[in-house]
Amino acid sequence: MLRNRRRLVAWLLAGVVLAVVLTLYDADRTGVSDPKAAPSATPTAALPGTATPTATATPGPSATPSPTAPPGTGEPSPSASATTCTSPGACGYPDANSTGPRIALERHDTGNMSIKKDGTVIKGWDIRGSLDIYANDVTIIDSRITSTNWWGVNLRPGFSGLKVLHTTITAVPGKGPDNGGVNYAVSNMGGSSIEVGWCDISVFGNALSMGQGDLHDNYVHDLVAFRNQGGEWQHIDAVISGGGNKGRLTIRHNTLLNSTPVDKGSTAAVGLFADTGVVSSVIVEDNWLAGGAYALYGGGPGATGIQVTGNVFSTQYHPAAGAYGPVTAWNAGGAGNVWKDNRMSDGRPVEPAS
């Protein structure tokens, strides 16, 4: 009897020990395999402008485009929400940290150099001079241009396919041919679209001058006023178009600043003017616009196909974005003209005067 009781106690103790061992084993296994218990491997987000495109005549698609809506949708990107924006970079717009070259540069004292070979690629150059393009499918990427000429890059009539990407384009004030001033950072005299993206542009009076093109993710700033050869103050615009274009001009996700005083020629952050013909087929979407007499000139009475959507009109220079207001010359009744979801940087909606 005693022996049977001892045997029962031994079996009970063995069962308790086995239960404890199984519990500890299960707890240890769960701590390793349970996703809530194990640390997650979250990938680090890529920094703006760090994508490295292939140095070919068409490098644009290899760089990461900005997360904006497709052309013509009129839907603002997340950066154009109805909240207060304090500065371009803080609100997801281009600045000095997300534009310009991403590689080390080699100095080239080119002077005013003409490019006449189709498919030429200039990469990693620190250019003291300017580039005059008499060729097709030329690419300028990851470079710097410091000009004392009328322009930094100029595409001549009859040529197409120019791309200017991840490049700093500036000039030397007082050294230009126009009474010491310089006029165009990138000028499109050709009859087709060009691409200018992720560029840091300063000094030039009319920084981006063209009737058609794809201007995206650029930082235009610190434009310098000067009197032209006629003694008049040069008109100052971050982007300017004179009308009469046959193709589309897209201005998307840029920071366009014009801090020049109005009495020294300041006109607009985006100036769509009917100087050489009717303004048509222009998209102005998800940009940070500041300065000028008005931040935006909308094309005038005959303008058609102008879509202005999801832009931030900044109060950093003037309470109303421009000295006299955010927008003028808007043709509300023009065919295909759309004004939608534009706001001040403090969150107030912007509507053109009726």
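## Terms for the sheet

Two strands count as paired if DSSP finds at least two bridges between them, and the pairings described below, which belong to a predicted model, rest on that rule.

## Confidence in the model

The protein chain has an average pLDDT of 82, and 76% of the residues score at least 70. Two stretches fall below 50, and they are described here in turn. Over residues 1-5 the pLDDT is below 50, and this stretch has zero contacts in the model beyond near neighbours in sequence. Over residues 16-81 the pLDDT is likewise below 50, but here the model has 86 contacts beyond near neighbours in sequence.

## The nine-stranded sheet

Nine strands form an open sheet with parallel pairing, and their order across the sheet is β2-β4-β7-β10-β13-β16-β19-β22-β25. At the edges stand β2, which covers residues 121-123, and β25, which covers residues 338-340; each has a single partner strand, so one side of each is left without a neighbour in the sheet. On average, and with direction ignored, neighbouring strands of this sheet are turned by 5° against each other.

The pairing at one of these edges can be followed down to single residues. Strand β22, made of residues 304-309, runs parallel to β25 and is joined to it by three bridges; V308 has W339 of β25 as its bridge partner.

## Pairings of β3, β5 and β8

Strand β5, residues 144-147, takes part in two parallel pairings that can be described together. Three bridges link β5 to strand β3, which spans residues 125-133, and within this pairing R128 has T146 of β5 as its bridge partner. Four bridges link β5 to strand β8, which spans residues 168-171, and there the bridge partner of S147 is A171 in β8.

## The second largest pocket

Where do the residues nearest the centre of the second largest pocket lie in the sequence? The pocket is lined by 17 residues, and those nearest its centre are G211, S241, G242, G243 and T276. Its volume is about 340 Å³.

Three strands each supply at least two residues of this lining, namely β9 (184-188), β12 (206-209) and β15 (236-241). By residue class, the lining of the second largest pocket divides into 13 polar residues, two nonpolar residues and two charged residues.

Technical notes:
Residues are numbered from 1 along each chain as its sequence is written. This is a predicted model: local features need pLDDT of at least 70, side-chain atom pairs count only at pLDDT 80 or more; totals for chains, interfaces and linings use all residues. Side-chain values use heavy atoms; hydrogens and water are left out. On a 1 Å grid over the protein atoms alone, a cavity is a set of points where a 1.4 Å probe fits but cannot get out, and a pocket is an open set with protein on both sides within 12 Å along at least five of seven lines; lining residues have an atom within 4 Å of a point. Grid points are joined across faces, edges and corners, and a volume is the space filled by probe spheres set on the points. Ala, Val, Leu, Ile, Met, Phe, Trp, Tyr, Cys and Pro count as nonpolar, Asp, Glu, Lys and Arg as charged, and the others, Gly among them, as polar. pLDDT is the predictor's confidence in each residue, from 0 to 100. Contact means heavy atoms within 4.5 Å. Axes are lines fitted to C-alpha atoms, for helices over the stretch in contact, and angles run from 0 to 180 degrees between N-to-C directions.
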